[in-house]
Amino acid sequence: MKIGIGSDHAGFYLKKDLIQYLEEKNIEVKDLGPFDDSRVDYPDYGHAVGHAVIDEGLDFGIVICGSGIGISISANKVKGIRAALCSEPYSARLARRHNDANVLALGARLIGHDMAIEILDAFLDEEFEGGRHINRVNKIEED
């Protein structure tokens, strides 16, 4: 499994923590920046992660900003991305199970480290259910 991850300055330290956690689980991680906590614009990193998932065939993406809202909107601008902002594990499970989400968005200022890990694990452990959800996901992909 290979995961792309990016954040803005508000999500920088949580991004570093999640990279370490994923690497300890022997998951390959592509860090798309930023590489320090200097002020940056979240759309740049939401787009970068979205394009890496689509263009490079990464399995998933993770995007993090202060609230998770702006960077999830930015990632969702990339055709084929289904970014889900999750603040607890149940929504992460449903995002994968029902929506085939391929990017997890997190709000670093809204959740703690331990909750972020729980959400990430729920997202990665769940699979797309298919069935009645396939038609809905296809409709999301329509222009």
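## Salt bridges and a nonpolar patch

Lys2 forms a salt bridge with Glu28, and the closest N and O atoms of this pair are 3.4 Å apart. Because Lys2 lies in strand β1 (residues 2-7) while Glu28 lies in strand β2 (residues 28-31), the pair ties together parts that are 26 residues apart in sequence. Lys2 counts as partly exposed, at 27% relative accessibility, and Glu28 also counts as partly exposed, at 46% relative accessibility. The structure described here is a predicted model, and the values in this report are to be read with that in mind.

Side chains of opposite charge can pair when their charged atoms come close. Counted with a cut-off of 4 Å between a side-chain nitrogen of Lys or Arg and a carboxyl oxygen of Asp or Glu, the model holds nine salt bridges. The table sets out three of them, including the pair already described.

| Basic residue | Acidic residue | Closest N and O atoms |
|---|---|---|
| Lys2 | Glu28 | 3.4 Å |
| Arg82 | Asp100 | 3.3 Å |
| Arg132 | Glu129 | 3.4 Å |

The salt bridge between Arg82 and Asp100, with its closest N and O atoms 3.3 Å apart, links distant parts of the chain. Arg82 sits in the loop between α3 (69-76) and β4 (83-85), whereas Asp100 sits in the loop between α4 (89-99) and β5 (103-107), and the two residues are 18 residues apart. Arg82 has a relative accessibility of 14% and therefore counts as buried, since that class covers values under 20%. Its partner Asp100, with a relative accessible area of 22%, is partly exposed.

In the pair formed by Arg132 and Glu129, the closest N and O atoms are 3.4 Å apart. Arg132 is exposed, with a relative accessible area of 54%, while Glu129 counts as partly exposed at 41% relative accessibility. Elsewhere, salt bridges that share partners join Arg82, Arg96, Asp100 and Glu141 into one network, so that the buried Arg82 and the partly exposed Asp100 both belong to this network.

Apart from the charged pairs, the model also has a nonpolar feature at its surface. Ile69, Ile73 and Leu85 make a nonpolar surface patch of about 260 Å². One of these residues, Ile73, has its place in helix α3, and with a relative accessible area of 48% Ile73 is partly exposed. Residues enter such a patch when their relative accessible area is over 30% and they have no salt bridge, and the 48% of Ile73 lies over that cut-off.

Methods:
Residues are numbered from 1 along each chain as its sequence is written. This is a predicted model: local features need pLDDT of at least 70, side-chain atom pairs count only at pLDDT 80 or more; totals for chains, interfaces and linings use all residues. Side-chain values use heavy atoms; hydrogens and water are left out. Helices (H or I, at least four residues) and strands (E, at least two) are DSSP runs, numbered from the N terminus. Buried means under 20% relative accessible area, exposed over 50%, partly exposed in between (1.4 Å probe, protein chains only). Patches are made of residues with over 30% relative accessible area and no salt bridge: like charges are joined within 9 Å, nonpolar side chains (Val, Leu, Ile, Met, Phe, Trp, Tyr) within 5 Å. Accessible areas come from the Shrake-Rupley method with a 1.4 Å probe; for residues, only the protein chains shown count as cover.
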